[in-house]
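The following exercises introduce a single protein chain. Each one sets a task and then works through the solution step by step.

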Amino acid sequence: MKTASQAKTTPYLAAGTAIFFWASSYAGVRYALHYYSPEALMLFRFLIASSVLLGYCALKKIPPPKMRDFPFFLAAGFLGLFVYMWFFTTGTATVPAGLSSFIISSAPIYTLVFSILFLKEKATFQIWLGVLISFAGLAIISFSQSGALQLNSGILFLLIAAVLLSMYSIIQKRIVRNYSAIQSTAYCVGIATVCMLIFAPALVREFPDTPMSGNLAVIWLGLGPAASAYFLWALALSRVEKTIHVTSFSYLTPFLASIIAFVWLGEDMAPLTLLGGVIIVTGMILTNFKQIKHMLREERTKPE
């Protein structure tokens, strides 16, 4: 049986693991794009993810959403996954992994604004300050890698993707009020996959010429950054009071993505990346300070 302290740490562990999976996707996508077009890669990746998630729902006889809630699932699947993934994959094809993750990781700022407007959540000065400090860390990492932010179509696509990702978190927060994390994830991913079937001709054409290494990268993208990460993200959102407490973890993505891209793709990692990482963590601690303080107090008062 979980203790109160363990229950409170669960969403942060889930969010942190999801962020690690997503951080690996930047290098994984750039590697797989050597063999697949963005559209074929999207479909292949989500066919794997939806097969795992919907297969589990079928095995456990987990019911689909009720018709009155279907518009929320449709919005999350179409806008938050299908349209988002197209902008993300297309943008990542022409932007370095570290810079891509910086742009996408600006999503918590949009999420904070949307959560105030649509979920009626309240944000204290401390939360705003933590968000802005973390964003400053993101900027340090970005400029240390790219020197300057030059606007091009890839960066514009990624900016749109960041807004769509924040919308996905807001819609998911609404869905998980009435549905389990596996329900909210599986059926949203399933809807997105159906939308992506328009890219089936590209996948059929490109699959025979792709080597095993390219397909293994896509399999990882389907199992890790898609199926597992989106489930863990929904689980985390279902266990916290304010959306920003989870989405602030997105700021870690560029730091982790830079390390993974350095190891996997051999991309350069500037020394300032470490400084940016420290600043990001500082901002995250400030954003979640109240929750951290409560957990530490409960840990101290826990009977021996």
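## Exercise 1: Helix α3

Task: Compare the expected and actual span of helix α3 (residues 70–92).

Solution. The model is a predicted one, in which local features need pLDDT of at least 70 and side-chain atom pairs count only at pLDDT 80 or more, while totals for chains, interfaces and linings use all residues. Residues are numbered from 1 along each chain as its sequence is written, and side-chain values use heavy atoms, with hydrogens and water left out.

Step 1. Helices (H or I, at least four residues) and strands (E, at least two) are DSSP runs, numbered from the N terminus. The expected span of a helix is 1.5 Å times one less than its number of residues.

Step 2. Helix α3 has 23 residues, so at 1.5 Å a residue it should span 33 Å. Its end C-alpha atoms lie 31 Å apart, which agrees.

Step 3. Helix α3 also has a kink of about 30°, centred on Tyr84. The bend at a residue is the angle between axes fitted to the seven residues ending there and the seven starting there.

## Exercise 2: The chain as a whole

Task: State how many helices and strands the chain has, and how confident the prediction is.

Solution. Step 1. The secondary structure comes to 14 helices and zero strands.

Step 2. The predictor's confidence in each residue is its pLDDT, from 0 to 100. The average over the chain is 82, and 82% of the residues score at least 70.

Step 3. Among the elements, helix α9 (residues 200–206) has the highest mean pLDDT, 97, and helix α14 (residues 289–301) the lowest, 50.

Step 4. Of the 304 residues in the chain, 55% are buried; buried means under 20% relative accessible area, exposed over 50%, and partly exposed in between (1.4 Å probe, protein chains only).

## Exercise 3: Tyr84 and Gly77

Task: Find which residues Tyr84 touches and which residues Gly77 touches.

Solution. Step 1. Contact means heavy atoms within 4.5 Å. Not counting residues up to four places away in sequence, Tyr84 touches Leu79, Ile104, Ala161, Leu164, Leu165 and Tyr230.

Step 2. A nonpolar core is a set of buried Ala, Val, Leu, Ile, Met, Phe, Trp, Tyr and Cys residues joined through side-chain atoms within 4.5 Å. The largest such core has 90 residues, and Tyr84, Phe88, Met196 and Trp233 touch the most other members.

Step 3. Gly77 also lies in helix α3. Gly77 is buried because its relative accessible area is 0%.

Step 4. With residues up to four places away in sequence not counted, Gly77 touches Phe82, Cys188, Ile191 and Ala192.

## Exercise 4: Pairs distant in sequence

Task: Determine how far apart in space Ala14 and Ala236 are, and do likewise for Leu256 and Ala23.

Solution. Step 1. Ala14 is placed in helix α1 (residues 4–32), and its 5% relative accessibility is why Ala14 counts as buried.

Step 2. Ala14 and Ala236 are 222 residues apart in sequence, yet their C-alpha atoms are 5.7 Å apart. Neighbours within four places aside, Ala14 is in contact with Leu232, Leu235 and Ala236.

Step 3. Leu256 is found in helix α12 (residues 253–264). Its relative accessibility is 22%, so Leu256 counts as partly exposed.

Step 4. A distance of 5.7 Å separates the C-alpha atoms of Leu256 and Ala23, which are 233 residues apart along the chain. Leu256 is in contact with Ile19, Phe20 and Ala23, leaving aside neighbours within four places in sequence.

## Exercise 5: Aromatic rings

Task: Classify the pair formed by Tyr36 and Phe44.

Solution. Step 1. Rings of Phe, Tyr and Trp (its six-membered ring) pair if their centres lie within 6.5 Å; planes under 30 degrees apart count as stacked, over 60 as edge-to-face and the rest as tilted.

Step 2. By this rule there are 16 aromatic pairs. The pair of Tyr36 and Phe44 is edge-to-face, with 5.9 Å from centre to centre and 75° between the planes.

Step 3. Tyr36 counts as buried because its relative accessibility is 3%; Phe44 is buried, with a relative accessible area of 13%.

Step 4. Ring pairs also link Trp22, Tyr168, Tyr230 and Trp233 into a cluster.
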